[in-house]
Amino acid sequence: MITVNGRGVADEPRPGQCLRTFLREHAQFDVKKGCDAGDCGACTVLVDEQPVHSCITPAYRASGKTVTTAAALNHPIQNQFQEAMGFQCGYCTPGMVVTGSALTPSQCADLPRALKGNLCRCTGYRSIRDAFAGKVAESPRPPAAAQIVTGTEPYTLDTSVPGLLHVAIVASPHAHARITEIDTVQAEAMPGVVAVLTYKDSPATRYSTARHHFYTDDPEDTVVFDRVVRHIGQRVAAVVADSVGAAQRACAAIRVEYHILDAVFDPEEACAANAPQLHADIAARNTVAELHGETGDVAAALAEAHAVVRGTWHTARVQHVHMETHASIGWLDDAGRLVIRTSSQVPFLTRDELARIFGRTRESVRVFTERVGGGFGAKQEMFTEDVVALAVLKTGRPVQYEFTRTDEFYRSACRHPMRVTVTAAADENGTLTALSAEVLSDAGAYGNHSPGVMFHGCSESIAQYRCANKRVDARAVYTNNPPSGAFRGYGLGQLMFGIECALDDVARKLRINPFEFRRRNVVRPGDSFVDAVVHDDDLMFGSYGFTECLDLAEQALRRKDIPELPQYMRVGEGMAAAMIATIPPRGHIADASVSVEEDGTVTVRVGTVEFGNGTTTVHAQLAARVFGITPDAVRIAQSDTDVVEHDTGAFGSAGIVVAGKAVYQAARHAADQLCKAARELTAASDVRIEGGAVVCDGHAMPLGEVAARYGRIEASARHDGTPRSVAFNVHAFRVAVDTRTGIVTILQSVHAADAGTVLNEEQCRAQIEGGVAQALGSALWEEIPVQEGRPLVDTLRNYHIPQFADVPETEIYFADTHDEFGPLGAKSMSESPYNPVAPALANAIRDAIGVRVRELPMNAVRVWRALQEQAPHE
């Protein structure tokens with residue numbers, strides 16, 4: 001018998017079963033799955049008061065022992081995590097607090113070592129450090145804080161569903177092939193198997209896994225199961241069985257014969273006329289999308305320039321590593337509706353596309369999420385929902401499909417690898433006279449977000465500078481590599497890596513301080529936004545904090561002294577700037593409603609998903625502000641297609657500036673109705689809402705009393721995502737480079753953000769810190785090498801995301817701005833902090849060693865090779 005949280009469990013574990021799955025089968029959903037390889041710590045529990053990773057602990061070893069999970073921990077560290085707001089998505093938090101509960105004082109003094117087995121992708125670790133130090137954040141806490149630290153806040157698969165079936169996938173071993181025969185007879189006869197799905201069962205409707213307001217924005221190049229496979233790991237068949245094990249065994253019994261097709265892995269080779277064509281019916285020369293445009297005369301400007309720089313920069317294939325993998329559960333409800341509970345940033349767009357694919361009405365499909373364990377753009381896709389929907393409709397039973405961590409490397413999307421060639425020129429006064437970018441983007445086997453990433457990447461990165469002569473030539477192409485998709489920054493980080501490095505080299509040639517060079521050339525209110533063309537749309541200056549961000553970052557660098565270091569350590573400084581539109585273009589809509597119930601409860605209904613972006617907290621704050629109550633008195637119903645009419649989704653940092661504005665407007669409308677009702681009830685002339693009551697000629701009536709006497713009050717609002725403003729970020733580093741090894745040590749990290757009115761400082765700060773940490777991973781360590789289409793890493797132990805010990809403390813400064821278009825003057829600040837980090841670090845390394853590293857990640861090997869192979873140049 002195993003004692004779990006004081007309760008004896010008599011069931012015997014199955015042979016080979018790990019403790020994690022045993023606990024979850026007994027409804028201990030606070031034990032999370034992040035890797036199933038002992039790499040991330042999300043599954044940590046105490047066994048006889050000792051922390052273990054339950055995913056690699058055989059369940060039989062817990063026999064006769066006591067297991068304690070986060071739900072029954074009852075330790076002060078859980079309250080400290082609440083008070084410090086030491087989480088964002090919160091998926092890693094139960095394992096983190098369990099580990100923390102067992103640390104000795106001496107271990108707490110060395111948290112980087114003590115927490116090396118616990119990964120967090122969201123926070124950047126500063127708030128976790130604050131939690132261990134007992135610090136208390138002064139901002140309003142997330143409504144789910146108490147549930148997160150005990151692991152009782154439900155995520156996608158944290159539920160028991162009677163009769164649940166499970167999906168396992170047969171994956172293609174080939175990068176490009178046509179299925180000639182598939183034999184499922186033996187698999188179908190195996191115990192526990194309910195159905196086997198292949199291309200013969202797939203709907204004919206083509207679609208994109210990417211989700212946007214207009215589904216036609218992305219290439220329709222995908223079906224649920226295709227007879228042609230275009231990358232290693234692509235799904236070939238699905239077995240639906242009564243357990244994951246039974247499904248996996250049946251997958252091994254399926255015989256598939258392939259006709260191997262020629263494959264292409266290099267995006268430049270994919271452009272050739274004689275290259276293998278992946279989607280010949282929709283893409284000539286494998287071109288997913290292209291952009292060509294020029295303003296002014298770049299060639300003439302280059303001929304007359306005083307300083308010219310031209311170079312090519314390469315960015316890597318990067319995984320999102322959200323701690324909760326992609327997963328969905330589906331079933332048919334009593335009315336026959338298809339219901340999908342999923343880990344998605346876009347439930348409404350997923351609902352609409354599933355209805356289109358399977359020939360159903362929108363009303364006959366419901367999609368909702370619980371709290372989502374991170375996304376970073378990867379869950380603006382549809383990777384599990386389509387398979388689950390097909391399986392549910394074929395079997396009539398509930399079905400679950402969960403990605404493994406290895407699936408994320410093979411079958412999910414990654415950040416687009418890009419080759420960016422930049423030419424920049426300036427006159428002798430440091431005025432930018434020419435700026436051009438040539439871009440080649442590897443879409444992988446399917447187009448997903450490739451058009452949008454390319455267009456967006458080539459937009460604000462170039463438009464943020466005044467320059468009379470600009471040119472863009474960009475192309476996204478299919479290859480037989482794993483698909484690329486949406487990733488934090490949505491293309492801007494790749495372009496800015498090249499552009500900001502090139503501009504730094506121009507400033508160096510002119511011997512102009514890089515901050516000053518930006519001041520002379522950044523776009524200012526009154527200017528048009530110009531990239532390949534002049535934009536005359538809804539993008540405007542709702543506020544402007546660009547130059548203040550430059551000042552804040554530079555002043556912070558100057559305040560800190562350089563420590564004494566050995567002679568082999570060379571010190572350098574670098575900076576980079578970034579601009580981003582606060583709302584995605586081409587449609588972003590959010591509906592919201594706010595009601596005052598007869599018991600006085602204020603309820604907000606909104607479609608936006610909470611996945612660590614902090615929108616739920618801010619939505620509660622916005623409604624609370626209107627009614628004069630505390631945020632914890634506001635109930636939030638969200639991310640469910642049954643709750644409101646529409647929400648385009650939690651991407652493009654739109655959760656506050658679009659959905660939040662809709663919430664605030666709906667609250668204002670509800671407050672007006674409440675005051676009108678009070679006037680009718682009391683005949684008062686002076687009616688206002690104050691301190692959580694309706695004050696009528698000086699007499700305070702509780703909100704619930706008005707609603708009880710008049711009837712439930714409800715109001716709705718919609719924000720259509722226009723006009724859009726711009727936000728600015730500047731990052732600066734001081735680094736020391738070990739010339740013996742190429743190891744880069746960050747001595748100082750500074751980030752200045754133009755966030756408008758900061759509604760929740762702790763959350764906003766944590767968003768910036770998390771973005772910086774994730775960007776440091778892309779800049780220094782993270783890369784998925786691919787050999788003939790096969791990823792060479794597929795576990796977290798071989799893919800280095802930043803750990804506690806890797807992330808320096810970043811000084812954060814906010815520009816003093818108030819945006820005309822955001823709710824209460826706020827701007828978005830989820831994606832943008834990521835974008836300037838890699839070029840700022842590259843510029844600091846260049847300043848330190850005199851050599852330009854042009855490829856990400858700038859790991860120790862690449863920096864060392866640059867030192868050995870390249871001569872310093874000015």
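Here is a short conversation about a predicted model of one protein chain.

Student: How many helices and strands does the chain have?
Tutor: Happy to start there, with the secondary structure of this predicted model. The chain's tally comes to 25 helices and 37 strands.

Student: What radius of gyration does the chain have, and why does that agree with a compact globule?
Tutor: Start from the length, which is 874 residues. A compact globule with that many residues would have a radius of gyration near 29 Å, so the chain agrees with its value of 27 Å.

Student: What share of the residues in the chain is buried?
Tutor: Here a residue counts as buried under 20% relative accessible area. Among the 874 residues of the chain, the buried share is 64%.

Student: What share of the contacts with a separation of 6 or more comes from residues 24 or more positions apart?
Tutor: Good one to ask about the fold. Take the contacts in the chain with a separation of 6 or more; the share from residues 24 or more positions apart is 80%.

Student: How far apart lie the centres of the positive and negative side chains?
Tutor: The chain has 82 positive side chains and 106 negative ones. Each set has its own centre, and the distance between the two centres is 3 Å.

Student: Is threonine 184 buried or exposed?
Tutor: Let's place it before judging it. Threonine 184 sits in the loop between strand 7 (177–183) and helix 8 (185–188). Its relative accessibility is 13%, and the cut-off is under 20%, so threonine 184 counts as buried.

Student: Which residues is threonine 184 in contact with, leaving aside its neighbours within four places in sequence?
Tutor: Contact here means heavy atoms within 4.5 Å. With those sequence neighbours left aside, the partners of threonine 184 are Val196, Thr198 and Ile254.

Technical notes:
Residues are numbered from 1 along each chain as its sequence is written. This is a predicted model: local features need pLDDT of at least 70, side-chain atom pairs count only at pLDDT 80 or more; totals for chains, interfaces and linings use all residues. Side-chain values use heavy atoms; hydrogens and water are left out. Helices (H or I, at least four residues) and strands (E, at least two) are DSSP runs, numbered from the N terminus. The radius of gyration is taken over C-alpha atoms; the globule rule is 2.2 Å times the number of residues to the power 0.38. Buried means under 20% relative accessible area, exposed over 50%, partly exposed in between (1.4 Å probe, protein chains only). Lys and Arg count as positive and Asp and Glu as negative; His and the chain ends are not counted. The place of a charge is taken as NZ of Lys, CZ of Arg, CG of Asp or CD of Glu.
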